[in-house]
Amino acid sequence: MSNKLIILSGAGLSADSGVPTFRSANGLWMDHDINKVCDYLTWKENFTLVHAFYNNLRSLLSTVEPNLAHKTIAEWEADYGDRVINMTANVDDLLERAGCKNITHLHGFLPQMQCTACGNIWDCGYNEWNSDEDRCPKCTSRKGVKPAVVFFNEGAKEYIRLNKVFREIVQEDVVLIIGTSGQVINVDAYLFDKTCFKILNNLQPETFVDESMYDSVHFGRASDVIQDIDKIVRSRMK
C-alpha cells in the first residue's frame, strides 16, 4: 500500500508572499484587540470594526502571489494525487492559486462570507463587505453576516478531519509541519507517539514546538528551504 504525505501548514507558509502573520512581533494582532476583531462572543458588538479588519485583509490578499513553497506543494499534489493530505491553518487562497485542488482550511477561508442566521456560505472574492448595507443573499440578514473565518470561541468543524488524519497515520507516512508556532494547533501532541517520518520547517525555533521530535528540521523561510524538503519528500514517497 502506498504511503501518504500529510502537510499541516501555518502562517509561515504565506509570510514569504507578503501575508502578515498574526502572532509575530510585527503581526496583525499587534495593532488590534483580538477580543474585538476575532472573538465569536463579541464580534456582533464590534460589527463595523470586524468587517473593516477583514476587508483590509481581503484587499491585501489581492496584491500577493503564491511563493515557491505553495507551488511545490501543488506539484506534490499533482504527482501523488490523493496520497497528499493538505491541511492549512491559513485563511488565504494562495495554495489554490498555486494549483492545489484539495485543501482543508482548518480556520476558514477569507474570500468567503457566512451567515450565522441561516448557515449560508458564499464567495465574495477580494471584495469589500459593506457592513452598513450588504446582506446575506439567501435570508437577507445583515447583522448575522461575518467573514467565513473561525473566530476564537467558535467551533472549528474541520478539526474533526484534522484529528482523524493524525489518528490514522502509519509508520510509512511522511508528515510535514510548515510555518506554525504550535500555539493554536499543538502539533507535538499529535505526533509525539507517531513513528512516521516527520519534517519540520519554521523560521526559527518555537517555544511550543519541540524540534527534537522531528527527523528532519529546516529553519528558514519556507520558500528558501522548500527545495531541500522536496528532495526528502520525493525520496520517501513510494
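A residue is called buried when its relative accessible area is under 20%, exposed when over 50%, and partly exposed in between (1.4 Å probe, protein chains only). By that criterion, 51% of the 238 residues of the protein count as buried. The model is predicted: local features need pLDDT of at least 70, side-chain atom pairs count only at pLDDT 80 or more, and totals for chains, interfaces and linings use all residues. Residues are numbered from 1 along each chain as its sequence is written, and side-chain values use heavy atoms, with hydrogens and water left out.

**The whole chain**

Begin with the full protein, shown as a cartoon: it has 8 helices and 9 strands (DSSP runs numbered from the N terminus, helices being H or I of at least four residues and strands E of at least two). The C-alpha trace spans about 55 × 35 × 30 Å along its principal axes.

**Helix H3**

Next, select H3 (47-61). This helix has 15 residues and reaches 21 Å from its first C-alpha to its last, close to the 21 Å expected (1.5 Å times one less than the number of residues). Its buried residues include Phe-47, Val-50, Phe-53, Tyr-54 and Leu-57. Among the elements that cover the buried residues of H3 are H2, helix H5 (94-98), strand S4 (108-115) and S6; contact means heavy atoms within 4.5 Å.

**The aromatic rings**

Now display the aromatic side chains. The structure holds 6 aromatic pairs; rings of Phe, Tyr and Trp (its six-membered ring) pair if their centres lie within 6.5 Å, and planes under 30 degrees apart count as stacked, over 60 as edge-to-face and the rest as tilted. Select Trp-43 and Phe-151, an edge-to-face pair with 6.5 Å centre to centre and 75 degrees between the planes. This pair links distant parts of the chain, 108 residues apart: Trp-43 lies in the loop between helix H2 (34-37) and H3, and Phe-151 in the loop between strand S6 (145-149) and helix H6 (159-167). Both Trp-43 and Phe-151 are buried.

Return to H3 and select Phe-53 and Tyr-54, whose ring centres are 4.8 Å apart with planes at 85 degrees, so this pair is also edge-to-face. Phe-53 is buried at 4% relative accessibility, and Tyr-54 at 2%.

To view the group together, select Trp-43, Phe-47, Phe-53, Tyr-54 and Phe-151, which ring pairs link into a cluster.

**A charge over a ring**

Finally, add Lys-146, whose charged end sits over the ring of Phe-151, 4.0 Å from its centre (NZ of Lys or CZ of Arg within 6 Å of the ring centre and within 35 degrees of the ring normal).
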